[in-house]
Amino acid sequence: MSKKYLLTPGPTPLPPEVLLACAQPMIHHRTDEFRKIFGEFNEGLKYLFQTKNGVVTFAASGTGAMEASVVNLLSPEDKAIAICGGKFGERWVELCKAYNVNVIPIEVEWGKRAEAGEVQRILAEHKDAKAVFTTLCETSTGVVTDIEAIGKIVKETDAVLVVDAISGLGAEDLQTDNWNVDCVVAGSQKGMMLPPGLSFCSLSQKALKAMETSKLPKYYLDMKKAKKSLDKTDTAYTPAVSLIVAARESLRLIKEEGLENVFKRHKMLADATRNAVCALGLGLFSNTFCNVVTAASVPEGIDGAQLVKLMRKKYGVSIAGGQGHLKGKIIRIAHLGYMEPFDIITGISALELALSELGYKVELGKGIQAAENVFSNQIK
Ligand SMILES: *Cc1c(COP(=O)(O)O)cnc(C)c1O
């Protein structure tokens, strides 16, 4: 027997309704049958993204939509600002460099969040900046960015605000229209409870305008083309039919639970996980916790990579280790997507057993008790 538990920040577990939708016979995409599904899917996306504007979809992992936002909103040698406090902030810088965009990184210590005041100061220094790139949840560090505050600042400039919400969407509140976010980038395999393979960009009026003058090269990722098709409830190329059929189902589940309840559930799971790791004597890594993933420092003398491996191999529980210079130093436990209290209990139990086996002095059950204390107060 080897039952598996997936507590990684992408891919995430799939609800049975989604699994069944994935197993449906293939249909052709230029049919009324698909158009109806595609229409419902697009309405579901608007609800999740909290926007009245269109959301374009690409058959790509999340990074594909990050790349789409760069090549559709900018021209060679344009200036752009990128907030960079972890692995995924760094990706914005790398993408800009790959396309010869003049990128000004705002370097933030890993584990800390960027302050809106700093963004304001850098924007005032670089009035010709065409875009500000940031990350809702920096999955490598467990930090959440104050997008509302940054949105207020960027709104007053000519720059567009692009937010990588690949892990955060559907776990953290992100009010795309109300907070003046011009392009929200997302991916299917995290909070959206889907397999990997779809990525998304929402587009504000300001973003549509920026697209008109963008001169960076693009073909498949051309958002003007994608948007033109979207306006006719159609797609420019063959869409990932099965994933869209499945996404209609997951978006229906999200609507049924209600976004507000989805956020509350993620917060409860995050609170319980943080309580549990603290009770076990592990340190929390970030200073502004997101509700997507908990990053915790591993105790002195324990190799984080070995801990992750032991949990997966012996107990069937997958969590993530540290990325970049944090390899072996932190663990990351996701509470993202199709998850409930007993997923967390399972994860913490495996963590206690594995820590104990690696020689760390831990009272078995202490983490579970701390998590249950959160649940007993909050489960209605
Ligand atoms: C997972 C993730 C990505 C990368 O997405 P891919 O689907 O692997 O391309 C980018 N940004 C953040 C914040 C993520 O969590």
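Helices (H or I, at least four residues) and strands (E, at least two) are taken here as DSSP runs, numbered from the N terminus. The model is a predicted one, so local features need pLDDT of at least 70 and side-chain atom pairs count only at pLDDT 80 or more, while totals for chains, interfaces and linings use all residues. Residues are numbered from 1 along each chain as its sequence is written, and side-chain values use heavy atoms, with hydrogens and water left out.

A good place to start is helix H10, made up of residues 259–279. The expected span of a helix is 1.5 Å times one less than its number of residues. For the 21 residues of H10 that comes to 30 Å, and the end C-alpha atoms are indeed 30 Å apart, so the two agree. After H10 comes Gly-281, with a positive phi near 85°.

Ala-279 belongs to H10. This alanine counts as partly exposed because its relative accessibility is 24% (buried means under 20% relative accessible area, exposed over 50%, partly exposed in between, with a 1.4 Å probe and protein chains only). Ala-279 and Gly-365 are 86 residues apart along the chain, yet their C-alpha atoms are separated by 9.9 Å. Leaving aside residues up to four places away in sequence, Ala-279 touches Lys-366, Gly-367 and Ala-370, where contact means heavy atoms within 4.5 Å.

Next, the empty spaces inside. Rolling a probe the size of a water molecule over the atoms shows where empty space is left. A cavity is a set of points, on a 1 Å grid over the protein atoms alone, where a 1.4 Å probe fits but cannot get out, and lining residues have an atom within 4 Å of a point. Grid points are joined across faces, edges and corners, and a volume is the space filled by probe spheres set on the points. Searching the whole structure turns up three cavities of 30 Å³ or more.

The largest cavity has a volume of about 230 Å³. Its lining has 21 residues, and Thr-57, Phe-58, Ala-226, Thr-235 and Ala-236 lie nearest its centre. Strand E2 (55–59) and helix H8 (223–230) are the elements that give two or more residues to this lining, and E2 gives the most, with five. By class, the lining has 14 nonpolar, four polar and three charged residues (Ala, Val, Leu, Ile, Met, Phe, Trp, Tyr, Cys and Pro count as nonpolar, Asp, Glu, Lys and Arg as charged, and the others, Gly among them, as polar).

The second largest cavity comes in at about 100 Å³. It is lined by 14 residues, with Ile-83, Gly-85, Lys-112, Glu-138 and Thr-145 closest to its centre. Strands E3 (79–84) and E5 (129–135) each supply at least two lining residues. Here the split is five nonpolar, six polar and three charged.

As for the cysteines, the structure holds zero disulfides, a disulfide being a pair of cysteine sulfur atoms within 2.5 Å. For Cys-96, the nearest cysteine sulfur is that of Cys-84, 11 Å away. Cys-96 counts as buried because its relative accessible area is 0%, whereas Cys-22 is partly exposed at 29%.

Finally, Tyr-219 sits in the loop between helix H7 (205–213) and H8. With 59% relative accessibility, Tyr-219 counts as exposed. Beyond residues up to four places away in sequence, Tyr-219 touches Lys-225 and Tyr-237. Tyr-219 and Asp-158 are 61 residues apart in sequence, and their C-alpha atoms are 26 Å apart in space.

Notes
On a 1 Å grid over the protein atoms alone, a cavity is a set of points where a 1.4 Å probe fits but cannot get out, and a pocket is an open set with protein on both sides within 12 Å along at least five of seven lines; lining residues have an atom within 4 Å of a point.
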